[in-house]
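Work through the exercises below with the structure in view, and try each task before reading its solution.

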Amino acid sequence: MTGRTIRGWVVVHSWSSLVCTAFLLMLCVTGLPLIFHHEIDELLDDQPPIAAMPAGTPLQSLDTIMARALADRSGEVGLYMSFDEDRPVVNVTTGPSPDAGGAEMTLTAYDQRDGSLVGAIAQDGVMDFILQLHTDMFAGLPGMLFLGAMGVLFLAAIVSGVVLYAPFMRKLDFGTVRTGRARRTKWLDYHNLLGVVVLAWASVVGLTGVINTLAEPIIAQWRSDDLAAITREHDARGLPVPTRLASINAAVETAKAAVPGSRVQFVAFPGVAYSSRQHYAVFLQGDTPLTKGLLTPALVDARTGALAAVRPMPWYVQALQLSQPLHFGDYGALPLKILWAVLDLFTILVLGSGLYLWFAKRHASSEAKAREVESGGVLVPAE
């Protein structure tokens, strides 16, 4: 690699890192509690546990649960139904209309064994605040896209850092930390060592983070492309969203029968973002850590209850579905989450040390920085 090429990569690494560092630090700090969001939610949950009942107590129909939910929210319509994995609880989302915004929605949990109210699920707690700060900084889609751009710069910083690592370490053994040298040289060695340690993890989390910021455009593309192709016949009729719906319970059973061995994660009602105007969209998941994240929608005619189509999500939606749990280490149990947290802390050190290294040598020319890379810091005079 020529000196000119190294200077170019030095400029790319310096400025791509510098621009995104503040936002990456915010994402790392807010991402730390989000890795353990299930555990923290359980600790902060002040709802009483559901009542004990004899094993094998039959479950009530989903239509009965929805009727109870709509009785509790007079004048609203059903939007979504989701299901707890470890207890017989149905979570019902209602709103004033099918196109209601998130602020207008109400999420309420019911015990499916007796239809009793478990409680309203608040979405304004500490973890919700941290999650929204992490995902869009309370700026909606523009905030998500901005953080996505910061993620792209982060990936550029990683790539340029890897390119510069080779000539820098040419005269040094792997893992060298020159603690007896000047403070900046010592932190330069720490920066390089920790950067290599978190390289694979930071690349995966950075890439999945960028993909996650594109969630809304990706879902919009799926609705206008794949979903529209499936429902074109109904849309051509110009039918309004039906007010009298076929049985929800029967629709779920029809969908499960079409994809044997699957489990229902949630049901989207006609007219909402994840469905068409004429169908229940029953989202089915597998029973392995990998297939659990890959949802397959089964569309059931909301007027007749007939199965309309079962079609796997296109590749770009599958990439989004796989990236969401991977971003927070949700594929494994607590040991994987602890590993995610340790690597997150290491990344904070890499970002902080990078900021210190830039500040300590902010007036140096790119030629001087390139010479430092070529010499492995050997020629840098002691402070």
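A residue counts as buried when its relative accessible area is under 20%, as exposed when it is over 50%, and as partly exposed in between. The model used here is a predicted one.

**Exercise 1.** Decide whether Cys 28 is buried or exposed, and find how far away the nearest cysteine sulfur lies.

Solution. Begin with accessibility: the relative accessible area of Cys 28 is 7%, so this residue is buried. Next, look for a partner: the nearest cysteine sulfur belongs to Cys 20 and is 9.8 Å away, and Cys 28 is in no disulfide. Then turn to Cys 20, which is also a buried residue, at 1% relative accessibility. A disulfide would need the two sulfur atoms to be within 2.5 Å, and because the sulfur of Cys 20 lies 9.8 Å from that of Cys 28, its closest neighbour of this kind, the distance is too far for a bond. The count for the structure accordingly comes to 0 disulfides.

**Exercise 2.** Classify the ring pair of Phe 129 and Phe 138, and then that of Phe 266 and Phe 283.

Solution. The structure holds 12 aromatic pairs. In one of them, Phe 129 and Phe 138 have 5.1 Å between their ring centres and 40° between their planes, which makes the pair tilted. Both residues are partly exposed, Phe 129 at 47% relative accessibility and Phe 138 at 41%. For the second pair, the ring centres of Phe 266 and Phe 283 are 4.4 Å apart and the planes meet at 10°; planes under 30 degrees apart count as stacked, so this pair is stacked. The pair links distant parts of the chain, since Phe 266 sits in strand 5 (residues 263-268) and Phe 283 in strand 6 (residues 279-285), 17 residues apart. Phe 266 is buried at 14% relative accessible area, and Phe 283 is buried at 1%. As a last step, follow the ring pairs further: they join Phe 266 and Phe 283 with Tyr 80, Trp 222 and Tyr 274 into a cluster.

**Exercise 3.** Locate Trp 201 and list the residues that Trp 201 touches, not counting those up to four places away in sequence.

Solution. Trp 201 is part of helix 7, which covers residues 199-213, and with a relative accessible area of 10% this tryptophan is buried. Leaving aside residues up to four places away in sequence, Trp 201 touches Trp 340, Leu 343, Asp 344 and Thr 347. To finish, compare sequence with space for one of these contacts: Trp 201 and Leu 343 are separated by 142 residues in sequence, while their C-alpha atoms are 7.3 Å apart.

Note on methods:
Residues numbered from 1 in each chain as written. Predicted model: local features only at pLDDT ≥ 70, side-chain atom pairs only at ≥ 80, totals over all residues. Heavy atoms only, no water. Phe/Tyr/Trp six-rings, centres within 6.5 Å; stacked < 30°, edge-to-face > 60°. Buried < 20%, exposed > 50% of the residue type's maximum accessible area, 1.4 Å probe, protein only. Helix = DSSP H or I, 4+ residues; strand = E, 2+ residues; numbered from the N terminus. Contact = heavy atoms within 4.5 Å.
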